[in-house]
Amino acid sequence: MARLCCLAVDSKDIPLLGASLKAAGQPRLAIVAHLDVAALAKLSPDVLVADVDRQKVDPLEMLRQLRFVLPECVIVVYTGTVTRAWGRACHLAGASCVLSKESGKALLVSGLRCAI
């Protein structure tokens with residue numbers, strides 16, 4: 001079981017993702033308002049679900065920074081952009097997996113279980 005899972009997503013997505021993480025066996029949840037690399041390094045979560053669509057900085061650079069400070073963390077990108085090229089770019093930047101905002105709970109649970 002993970003020590004802690006963090007969500008950095010729009011508030012409307014928290015119930016669905018929280019329930020999906022719990023169903024995937026990750027019940028301890030923290031919600032962070034922003035993908036603040038220094039703050040997340042202090043939390044040291046085992047799982048991080050990050051909405052990279054709403055970042056004001058380059059999302060791929062943010063993923064690189066997150067991977068650097070959280071080398072053992074499962075970093076899940078939660079995005080509305082689902083293309084092969086985007087998924088590959090996220091993976092190369094450090095994401096463990098990419099999940100679509102269009103996914104329902106069953107697909108999110110399956111994707112989270114595979115990633116974790």
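Where is Ser-44 found? In this predicted model, Ser-44 sits in the loop that runs between helix H2 (37–43) and strand E3 (47–51). Its backbone is a bit of an oddity: Ser-44 is not a glycine, yet its phi is positive, at about 50°. As for its surroundings, Ser-44 is partly exposed, with a relative accessible area of 30%.

Helix H3 comes next. Within H3 (residues 59–69), the buried residues are Pro-59, Leu-60, Met-62, Leu-63, Leu-66 and Arg-67. These residues take up an arc of only 155° around the axis, so they end up on the same side of H3. What do the buried residues of H3 pack against? Their partners are H2, E3, strand E4 (74–79) and helix H4 (84–93). The N-terminal end of H3 has a cap, too: Asp-58 places a side-chain oxygen 3.2 Å from the backbone nitrogen of Leu-60.

The pairing of H3 with H4 can be followed residue by residue. The two axes come within 8 Å and cross at roughly 30°. On the H3 side, the contact is made by Pro-59, Leu-60, Leu-63, Arg-64 and Arg-67, while H4 brings in Trp-86, Ala-89, Cys-90 and Ala-93. Sorted by type, the residues of this contact come out as seven nonpolar, two charged and no polar.

Helix H5 (residues 105–115) has a buried set of its own, made up of Leu-108, Val-109, Gly-111 and Leu-112. Looking down the axis of H5, these buried residues fall within an arc of 165°, so they line one face of the helix. Turn to the other side of H5, and Ala-106, Leu-107, Arg-113 and Cys-114 are exposed. The buried residues of H5 pack against helix H1 (14–23), E3, E4 and strand E5 (97–100). E3 and E4 thus turn up again here, having already been listed as packing partners for the buried residues of H3.

That leaves the cysteines. How many disulfides does the structure hold? The count is zero. Take Cys-97: its closest cysteine sulfur is the one in Cys-114, and because 8.5 Å separates the two sulfurs, they are too far apart for a bond. A disulfide would need the sulfur atoms to be within 2.5 Å. The two cysteines also have contrasting settings. Cys-97 is buried, with a relative accessible area of 16%, whereas Cys-114 counts as exposed, at 68% relative accessibility.

Key: Residues numbered from 1 in each chain as written. Predicted model: local features only at pLDDT ≥ 70, side-chain atom pairs only at ≥ 80, totals over all residues. Heavy atoms only, no water. Buried < 20%, exposed > 50% of the residue type's maximum accessible area, 1.4 Å probe, protein only. Helix = DSSP H or I, 4+ residues; strand = E, 2+ residues; numbered from the N terminus. Arc of directions from axis to C-beta. Contact = heavy atoms within 4.5 Å. Polar contact = N/O pair within 3.5 Å; in protein donor to acceptor, adjacent residues only side chain to side chain. Axes fitted to C-alpha atoms, helices over the stretch in contact; angles between N-to-C directions. Nonpolar A, V, L, I, M, F, W, Y, C, P; charged D, E, K, R; others polar.
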